[in-house]
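Here are a few exercises to work through with the model open in your viewer. Try each one yourself before reading on to its solution.

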Amino acid sequence: MFSHFELQTKQILTGNILLIFCCAFYLAWWILAFKPTGAVKGMRSGWLLLPAVIFGVVAILQIVRGSSAADRQFVLFSQTAVLIGGVIVYIVLLAATRLLLNRQVTTELFLIVGWTVLMFLEMNALYAQGQYSRTAAIVMLVVTVIAAAVSLVCYLLYYNLDSMRGYVDGMVPLLIIGVMMVVVTVSVMRS
């Protein structure tokens with residue numbers, strides 16, 4: 001399927017597909033475990049988190065491997081700067097959401113920031129590998145920031161919503177990330 005791509009691009013595409021599976025299992029768990037009525041609790045739904053974690057970890061490893069091999073002279077920005085920026089953004093958002101907004105801290109904040117950093121690394125690498133033009137990479141980075149902002153809004157609103165709206169609100173970031181990974185994968189495969 002990816003035979004005409006370089007190893008780094010194959011790793012990124014494989015990681016994207018695995019991340020799509022991760023989102024699908026995580027979303028399936030959310031749909032069952034957080035239903036406003038008739039929620040499926042415990043291991044009857046919790047087992048879905050195991051493949052979600054496995055697919056997610058392997059996806060991250062693949063995307064990082066493919067992204068870290070990017071030719072440094074052709075990248076849009078320093079990958080080290082992206083990683084440091086991600087840590088700073090996470091710390092600022094963690095402090096702001098907890099101390100200023102009194103929002104209970106959950107794993108989702110880490111996942112939103114982590115996914116955003118991963119996408120920045122990936123777009124950087126896909127540009128360096130010639131899979132995306134500068135314009136296409138920048139457009140995808142802007143879309144990534146918008147997707148992360150929408151996900152962050154959902155994160156902030158969750159505990160202030162009734163059970164049905166909170167149920168739907170919790171699905172939005174997973175759907176956004178899954179769709180973004182499909183879009184990137186399809187666009188690279190068609191190039």
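## Exercise 1: a residue in helix 1

Task: find which residues Asn 16 touches, leaving aside its neighbours within four places in sequence.

Solution. Keep in mind that you're looking at a predicted model. Start with location: Asn 16 sits in helix 1, residues 7–33. Now list the partners: Asn 16 is in contact with Ile 63, Glu 122, Met 181, Val 184 and Thr 185. One of these pairings is polar, since the side chains of Asn 16 and Glu 122 are joined by a polar contact of 2.8 Å.

Next step: is Asn 16 buried or exposed? Its relative accessible area is 0%, and the cut-off for buried is under 20%, so Asn 16 counts as buried.

## Exercise 2: two cysteines

Task: work out how many disulfides the model has, and why Cys 22 and Cys 23 do or don't form one.

Solution. Take the cut-off first: a disulfide needs two cysteine sulfur atoms within 2.5 Å. From Cys 22, the closest cysteine sulfur belongs to Cys 23, and it is 5.3 Å away, so that's too far for a bond. Going the other way gives the matching result, with the sulfur of Cys 22 being the closest to that of Cys 23, at 5.3 Å. The count therefore comes to 0 disulfides.

While you're there, check accessibility. Cys 22 has 12% relative accessibility and counts as buried. Cys 23 is buried too, at 8%.

## Exercise 3: checking helix lengths

Task: test whether helix 5 and helix 7 span what their residue counts predict, at 1.5 Å a residue.

Solution. Begin with helix 7, residues 163–189. Its 27 residues should span 39 Å, and the end C-alpha atoms are 40 Å apart, so the two agree. Now helix 5, residues 107–128: its 22 residues should span 32 Å, and the 31 Å between its end C-alpha atoms agrees with that.

Then look at what happens at the ends. At the start of helix 7, a side-chain oxygen of Asp 162 comes within 3.1 Å of the backbone nitrogen of Met 164. Helix 5, for its part, is followed by Gly 130, which has a positive phi, near 80°.

## Exercise 4: the largest pocket

Task: say which helix gives the most to the lining of the largest pocket.

Solution. Get the overall picture first: the largest pocket has a volume of about 980 Å³ and is lined by 40 residues. Nearest its centre lie Tyr 26, Glu 108, Phe 110, Leu 111 and Ile 112. Next, go through the helices: helix 1, helix 3 (49–68), helix 4 (79–100), helix 5, helix 6 (134–157) and helix 7 each supply at least two lining residues. Helix 5 gives the most, with 10 residues.

## Exercise 5: sequence versus space

Task: set separation along the chain beside separation in space for Ile 31 with Tyr 167, and for Ala 95 with Gln 129.

Solution. Ile 31, in helix 1, is 136 residues from Tyr 167 along the chain, but their C-alpha atoms are separated by 7.8 Å. Leaving aside neighbours within four places in sequence, Ile 31 is in contact with Tyr 167 and Met 171. Ala 95, in helix 4, is 34 residues from Gln 129 in sequence, while 37 Å lies between their C-alpha atoms.

Last step: what is the accessibility of Ile 31 and of Ala 95? Ile 31 is partly exposed at 33%, and Ala 95 is partly exposed at 34%.

How values were computed: Residues are numbered from 1 along each chain as its sequence is written. This is a predicted model: local features need pLDDT of at least 70, side-chain atom pairs count only at pLDDT 80 or more; totals for chains, interfaces and linings use all residues. Side-chain values use heavy atoms; hydrogens and water are left out. Buried means under 20% relative accessible area, exposed over 50%, partly exposed in between (1.4 Å probe, protein chains only). Helices (H or I, at least four residues) and strands (E, at least two) are DSSP runs, numbered from the N terminus. The expected span of a helix is 1.5 Å times one less than its number of residues. A polar contact is a pair of N or O atoms within 3.5 Å; within protein, one must be able to donate a hydrogen and the other to accept it, and residues adjacent in sequence count only if both atoms are side-chain atoms. Contact means heavy atoms within 4.5 Å. On a 1 Å grid over the protein atoms alone, a cavity is a set of points where a 1.4 Å probe fits but cannot get out, and a pocket is an open set with protein on both sides within 12 Å along at least five of seven lines; lining residues have an atom within 4 Å of a point. Grid points are joined across faces, edges and corners, and a volume is the space filled by probe spheres set on the points.
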